[in-house]
Amino acid sequence: MENLIRQYIDAYNKMDVPAMVALLHDVIVFENVSNTQGITVTSGKADFDAIARQSLPLFRSRRQTIRSITLGERTAAVEIVYEAIPAIDLPTGLKAGETMQLRGVTVFAFSDGKIARISDYS
């Protein structure tokens, strides 16, 4: 599980959507719960791929750094530091070129040797 998480985050940091999607179960559920943006939920690889590709042009750079990983039987909670520089002005008020930094938790669930659920909380 930890290896899959590290591969996923590495692909995320490289903005490599095909590498991210390759690690996912066909029925992947992605959920992002944000204090400023509300809740976004997708289901299935095609929806995940679409939303991941839509977010790419929004950022000049982005990076998730793992602070800690707590492993369960089929799940893992990962404390993350997220840093990004938007390429455009965002609806949150963050301007293009400004640095954004957040801390959050991502919960991963696994099935059949793949990532079956990603729940981001920030």
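Biologist: How far apart are the closest N and O atoms in the salt bridge that Glu-79 forms with Arg-103?

Modeller: This is a predicted model, in which local features need a pLDDT (the predictor's confidence in each residue, from 0 to 100) of at least 70, side-chain atom pairs count only at pLDDT 80 or more, and totals for chains, interfaces and linings use all residues. Residues are numbered from 1 along each chain as its sequence is written, and side-chain values use heavy atoms, with hydrogens and water left out. A salt bridge is a side-chain nitrogen of Lys or Arg within 4 Å of a carboxyl oxygen of Asp or Glu. For Glu-79 and Arg-103 the closest N and O atoms are separated by 2.3 Å.

Biologist: How many residues apart in sequence are Glu-79 and Arg-103, the pair that links distant parts of the chain?

Modeller: Helices (H or I, at least four residues) and strands (E, at least two) are DSSP runs, numbered from the N terminus. Glu-79 sits in strand β4, and Arg-103 in strand β5 (residues 100–111). The pair thus joins distant parts of the chain, with a sequence separation of 24 residues.

Biologist: Which residue is linked with Glu-79 and Arg-103 in a network of salt bridges?

Modeller: Glu-79 has a salt bridge with Arg-103. Glu-79 also meets another side chain in a salt bridge at 3.3 Å, N to O. That partner lies in strand β3 (residues 59–71), twelve residues away from Glu-79 in strand β4 (residues 75–86). The network of salt bridges is completed by Arg-67.

Biologist: What is the relative accessible area of Glu-79?

Modeller: Buried means under 20% relative accessible area, exposed over 50%, and partly exposed in between (1.4 Å probe, protein chains only). Arg-67 counts as partly exposed, at 49%. Glu-79 is partly exposed too, with a relative accessible area of 25%.

Biologist: Which residue forms a salt bridge with Asp-26?

Modeller: The whole structure holds seven salt bridges. In the one made by Asp-26, the closest N and O atoms are 3.6 Å apart. Asp-26 lies in strand β1 (residues 24–34) and its partner in helix α3 (residues 45–55), so the pair ties together parts that are 19 residues apart in sequence. The partner is Lys-45.

Biologist: Is Asp-26 buried or exposed?

Modeller: Its partner Lys-45 has a relative accessible area of 25%, which makes Lys-45 partly exposed. Asp-26 has a relative accessible area of 55%, and therefore counts as exposed.

Biologist: Which residue has a side chain that joins Ser-119 in a polar contact of 3.1 Å?

Modeller: A polar contact is a pair of N or O atoms within 3.5 Å; within protein, one must be able to donate a hydrogen and the other to accept it, and residues adjacent in sequence count only if both atoms are side-chain atoms. Ser-119 lies in strand β6 and is buried, with a relative accessible area of 3%. A polar contact of 3.3 Å joins its side chain to that of Arg-117. The contact of 3.1 Å is with Glu-31.

Biologist: How far apart in space are Arg-117 and His-25, C-alpha to C-alpha?

Modeller: Arg-117 lies in strand β6 and is partly exposed, at a relative accessible area of 34%. In sequence, Arg-117 and His-25 are 92 residues apart. Their C-alpha separation in space is 8.3 Å.

Biologist: Which residue has its backbone oxygen 2.9 Å from a polar atom of the side chain of Ser-55?

Modeller: Ser-55 is found in helix α3. At 18% relative accessibility, Ser-55 counts as buried. The backbone oxygen at 2.9 Å from its side chain belongs to Ala-52.

Biologist: What pattern does the chain follow, read along the sequence?

Modeller: The chain contains three helices and six strands. Taken in sequence order, they give α-α-β-β-α-β-β-β-β.

Biologist: Which element has the lowest mean pLDDT?

Modeller: The chain averages a pLDDT of 94, and 98% of the residues score at least 70. Helix α2 (residues 17–22) has the highest mean among the elements, 98. The lowest mean, 87, belongs to residues 38–43, strand β2.
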